[in-house]
Amino acid sequence: MLTLLLDLVFLVLGTGGILLMIAYAALCDRI
Amino acid sequence: MSSDTAMGWLEIAIVLAVTFVAAVPLGRYIAGVLDGRARWLAPVERGLLGAAGVDPARGMGWRGYAAALLVLNALHFALLYLMLRLQSLLPFNPDGATAMSPRLAFDTAISFVTNTNWQAYSGETAVSYGTQMWGLTVHNFVSAATGIAAAAAVARAFVSGGVKQLGNAWNDVVRITLYLLLPGALVFAVVLLFCGVPQTLGAAITVHTIEGATQTIARGPIAFQEAIKLFGTNGGGFFNANSAHPYENPNAFSDVLETVSEILIPFALAIAFGDMVRDRRQGIALFWTMALVLVAAVVLANLAETAGNPLVTALGVDPSMGNMEGKEMRFGTPLSSLFAATTTATSDGAVIAMHDSFTPLGGLVPLFLIELGEIVPGGVGSGLYGILVFALLAVFVAGLMVGRTPEYLGKKVEGREIKLAMLAVLILPLCILSGTAISLNTASGLGSLGNSGPHGLSEMLYAWSSAAGNNGSAFAGLTADTTLLDVGLGIAMLLGRFAFLVPVLAIAGSIASKPKLAPTAGTFPTHTPLFVGLLIGVILILGGLQYLPGLALGPIAEQVVMLAGKQY
């Protein structure tokens with residue numbers, strides 16, 4: 001169960017972290 | 001100068017000369033690929049794009065282009081993570097590799113997606129053949145294609161004026177992979193096979209030595225991974241020893257090929273840039289900037305390593321081959337120094353010698369090259385768009401000095417571009433310096449160090465530099481598979497790659513929409529030796545100076561202490 005939770009955390013961290021850069025792009029667009 | 005030393009310098013000169021000469025026709029070819037002129041695989045290209053539903057003529061603005069690359073990489077991260085976690089269930093696992101731990105799988109997946117290829121594991125025991133092939137090797141292609149595509153988008157911004165579109169990201173990634181990376185890696189892999197690099201799906205073999213003991217010899221599908229590892233400036237090796245392993249790099253000839261391979265595309269992209277903006281002199285100026293810094297770095301590294309360690313010499317060890325600790329006899333000091341400089345001047349990170357064993361000044365060179373931002377010549381694509389950011393900063397500095405509006409290739413460089421450039425440039429020191437500081441103030445971080453004193457500081461500084469700079473090499477004394485470093489370095493890799501890429505693409509979008517002005521009497525020429533010198537100065541000062549305190553407390557202090565005859 002803990003391992004599954006860790007998998008979810010790291011998948012979200014990695015995928016989400018990269019996709020968060022799309023929001024960063026929106027911020028850069030406003031500069 | 002002894003004949004061995006002279007031969008060493010000659011080896012270095014030949015390798016660099018071959019690369020510089022070969023980069024020119026390759027650069028012209030790459031420009032043809034990025035411009036759409038190369039069409040010899042058109043039916044395959046049409047089939048792939050058609051199957052994916054991509055209209056190659058549909059241009060993307062900078063945000064659409066960035067989003068496409070980010071979505072591609074995010075999906076590939078998830079895919080690779082799942083592969084690493086489920087590899088025990090997947091085929092082609094003859095040696096029974098088990099699932100990687102979640103934190104190590106995160107670290108590994110992020111590192112391959114970001115072209116870093118930081119490996120806190122031993123490939124021959126921790127990763128199955130299937131994962132090596134479909135996971136790691138595939139991502140070597142994807143990350144390399146991502147970098148070159150982004151560079152293409154940035155280059156197009158300078159071609160003409162008043163445009164909002166930078167090309168089609170999907171079309172670029174497919175063309176780069178089909179026309180450049182796959183053919184290049186295939187040819188190189190076949191040559192490596194002839195050099196003796198294995199390519200087999202057979203399990204590790206057990207041999208009986210003449211002393212009657214048994215030994216397990218790991219092997220696998222190495223040649224093709226080795227080829228793209230270097231050609232795409234990835235750096236992640238099949239084995240823990242990377243290109244120091246005889247199965248990855250059997251002899252001096254394969255080593256020369258591997259060295260040329262890892263710096264070829266980055267230099268060629270400078271030439272390609274000149275072709276794309278229809279002014280070859282601009283590409284040549286960037287080429288010279290990269291070449292001069294790289295040559296200086298190689299010279300310094302080889303001088304330091306050839307001089308050796310006086311403390312070791314005092315013990316009676318023959319100094320004629322220089323500092324041979326951590327180096328392979330089949331390569332020697334010159335080729336090892338050359339590879340250490342080229343692998344960190346690009347974003348490759350493969351090693352043929354252990355950087356942790358280099359002399360202090362010898363180790364300073366690869367560390368400093370990474371901290372410059374890996375732009376001389378840099379990784380495939382990331383080197384070109386990185387040095388273009390510094391070119392914009394250089395013309396800005398020149399403009400400040402003479403009181404004129406800075407412009408580069410006919411495009412005015414204004415406040416927005418400089419703010420975005422600084423956002424990009426500052427991400428590296430933010431990650432490197434804060435990451436190093438945090439690590440060295442925790443028990444976990446200190447526990448990872450293999451050495452005390454200045455060399456220990458160098459180990460940690462190098463790790464964070466390598467991660468944020470997307471290099472992937474390490475001072476190998478560091479124990480990297482800890483929660484702090486797996487997660488922390490993973491985040492640094494992500495930021496170093498994508499938090500740099502996004503503002504750079506924003507600059508491209510801004511530049512593309514501006515009108516292209518004709519040069520006037522007051523235009524600062526950006527193809528002259530003066531500009532090359534200014535650009536080098538900006539790179540060294542803006543890129544390098546902020547790391548001076550860390551370097552002073554690390555490798556410089558270690559060098560002083562070594563020469564004073566003391567050790568930790």
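This report covers the confidence, the chain interface and selected side-chain pairs of a predicted model.

## Confidence

The model is predicted, not experimental. For the complex, the predictor gives an ipTM of 0.97 and a pTM of 0.96. Chain B has a mean pLDDT of 95. In that chain, 100% of the residues reach 70 or more.

## The interface of chain B and chain A

Chain B brings 29 residues into contact with 19 residues of chain A. Together the two chains bury about 2100 Å². Carbon and sulfur atoms give 78% of that area.

Polar links are also present. The count is 6 residue pairs in polar contact between chain B and chain A, with both residues at pLDDT 80 or more. The interface also holds 3 salt bridges. One of them joins B:Arg416 to A:Asp29, at 3.6 Å from N to O.

## The chain B side of the contact

Four elements of chain B each give two or more residues to the side that touches chain A. They are α3 (62–85), α4 (102–113), α15 (415–439) and α18 (483–513). Helix α3(B) gives the most, with 12 residues.

What is the make-up of this side in nonpolar, polar and charged residues? The division is 23 nonpolar, 1 polar and 5 charged.

## Salt bridges

Over all chains, the search finds 18 salt bridges. Among them is the pair of B:Glu45 and B:Arg175, whose closest N and O atoms are 2.9 Å apart. B:Glu45 sits in helix α2 of chain B, and B:Arg175 in helix α7 of chain B, so this salt bridge ties together parts that are 130 residues apart in sequence.

## Aromatic pairs

The count of aromatic pairs over all chains is 18. One of these pairs is B:Trp40 with B:Tyr179. Their centres are 5.8 Å apart. The planes stand at 80°, and the pair is edge-to-face.

Where in chain B do B:Trp40 and B:Tyr179 lie? B:Trp40 is in the loop between α1 (3–35) and α2 (42–52). B:Tyr179 is in helix α7, residues 169–195. The two residues are 139 residues apart, and their pair links distant parts of the chain.

## Helix α7 of chain B

Helix α7 takes part in both of the pairs described within chain B. B:Arg175 in α7 bonds by salt bridge to B:Glu45. B:Tyr179 in α7 forms the aromatic pair with B:Trp40.

Notes. Residues are numbered from 1 along each chain as its sequence is written. Chains are lettered from A and ligands numbered from 1 in the order in which they are written. Side-chain values use heavy atoms; hydrogens and water are left out. Contact means heavy atoms within 4.5 Å. Buried area is the accessible area (1.4 Å probe) that two parts lose on being put together, summed over both. A salt bridge is a side-chain nitrogen of Lys or Arg within 4 Å of a carboxyl oxygen of Asp or Glu. A polar contact is a pair of N or O atoms within 3.5 Å; within protein, one must be able to donate a hydrogen and the other to accept it, and residues adjacent in sequence count only if both atoms are side-chain atoms. Ala, Val, Leu, Ile, Met, Phe, Trp, Tyr, Cys and Pro count as nonpolar, Asp, Glu, Lys and Arg as charged, and the others, Gly among them, as polar. pLDDT is the predictor's confidence in each residue, from 0 to 100. Rings of Phe, Tyr and Trp (its six-membered ring) pair if their centres lie within 6.5 Å; planes under 30 degrees apart count as stacked, over 60 as edge-to-face and the rest as tilted.
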